[in-house]
Amino acid sequence: MRIAERGRAALDDNGVNEMTSMRAIALSLLCLFPATGADLRLGIIGTDTSHAVNFTAAFNDPTRPDHVPGARVVAAYKGGSPDIHASWSRVDKFAAELETKWKIEFVPDIPTLCSKVDAILLETNDGRLHLEQAKQVIAARKPMFIDKPLASTLEDAREIARLAKEAGVPWFSSSGNRFGGLAAAMKFPDITSAFVWGPGPLEEHHHLELSWYAIHSVELLYTLMGTHCQEVSWMSSPDQDIVVGRWKDGRLGTIRVSRNRWDRGAVVFRRKQVVQSTPEMSGDSSALLREVVKFFRTGTPPVRAEETLEIFAFMDAAQRSKAAGGRPMALR
């Protein structure tokens, strides 16, 4: 349905407020497109993650085998968190590489960044900062991709979604695991249960322990199983955690989070077949970046907000289960 038709339908069904929201979406998309054939101008918030450098290289270097056409990173806001080692120890190094090797312009604040670009890559590795940073992007009416984790709490995740919806600003958040070779090779319509595993180092400032790094495995589980998980249980041993979700239709999805291994994979159980992943299925980040460009061009997210919010409700239930000694907890 065309935007104008959707707007008329919204007015008929829900009145002026919904029509105002549709107009905001239309304006966001109209502002997004540069001249025909031109690359989208992207801005990065947060240079304290290797994604800032790796994504810029994939977008800006057409000679790379993993080059993703259609967009270029042109500006960045450094950011950083003084109490997270993975942030303060790397933010200046990555910023220097972006500035010297890729000639990226650095700006003093997020509003200035938004004024120079068509869309935003919110790359800050500290999920605690995402809500306040996203508020400024939403105020500027710029579509944004929010790298993992979307937020540090379920409440912050819901607030980002609420504010963006009210303003008509398109957004999505996802791990690259969702679009890589592993997910594509292991996704079947008749999965009865799934077991996924991956690394899960912790970060003490993030209350939802799964959100820091194990979110890659949570995203993969949801890619394979879909939504409508009802309750979650968490069991721990010194070097691993086992998180089990029970879906509405009775299926079980299990995540093994390792504290000292970096391999990842999956086993899925179909009605008449068991399929195990191989290392060759891992893929690379270019699949995610192609989805990002497509999203910025169309305004249609490849992952629904409802699914991303359920993922956070899943992690929230898991954390409450751990605190209760493994007792199953319903998603809030």
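Two strands count as paired here if DSSP finds at least two bridges between them. All the close-ups below come from a predicted model.

**View 1. Strands β4 and β5 side by side.** Here β4 (residues 119–122) and β5 (residues 144–146) run parallel, with three bridges joining them. One residue to pick out is Leu 122, whose bridge partner in β5 is Ile 146.

**View 2. The whole sheet, six strands across.** Pull back a bit and the pair sits in an open sheet with parallel pairing, ordered β3-β2-β1-β4-β5-β6. The edges belong to β3 (105–106) and β6 (171–173); each has a single partner strand, so one side of each goes without a neighbour in the sheet.

**View 3. Helix α8 from end to end.** With 14 residues (154–167) at 1.5 Å a residue, α8 should span 20 Å, and its end C-alpha atoms are indeed 20 Å apart. Its buried residues are Leu 154, Asp 156, Ala 157, Ile 160, Ala 161, Leu 163, Ala 164 and Ala 167. Just past the helix, Gly 168 adopts a positive phi of about 70°.

**View 4. Inside the largest cavity.** The structure has one cavity of 30 Å³ or more, and the largest cavity holds about 40 Å³ of space. Its lining is made up of Lys 148, Pro 149, Leu 150, Ser 173, Ser 174, Ser 175, Ile 215, Glu 219, Thr 308, Ile 311 and Phe 312. The elements giving two or more residues to that lining are α10 (215–225) and α12 (305–323), with α12 supplying the largest share, three residues. Chemically, the lining splits into five nonpolar, four polar and two charged residues.

Note on methods:
Residues numbered from 1 in each chain as written. Predicted model: local features only at pLDDT ≥ 70, side-chain atom pairs only at ≥ 80, totals over all residues. Heavy atoms only, no water. Helix = DSSP H or I, 4+ residues; strand = E, 2+ residues; numbered from the N terminus. Expected span 1.5 Å × (residues − 1). Buried < 20%, exposed > 50% of the residue type's maximum accessible area, 1.4 Å probe, protein only. 1 Å grid on protein atoms, 1.4 Å probe; cavity = no way out; pocket = protein on both sides within 12 Å on 5 of 7 lines; lining within 4 Å. Points joined across faces, edges and corners; volume = space filled by probe spheres on them. Nonpolar A, V, L, I, M, F, W, Y, C, P; charged D, E, K, R; others polar.
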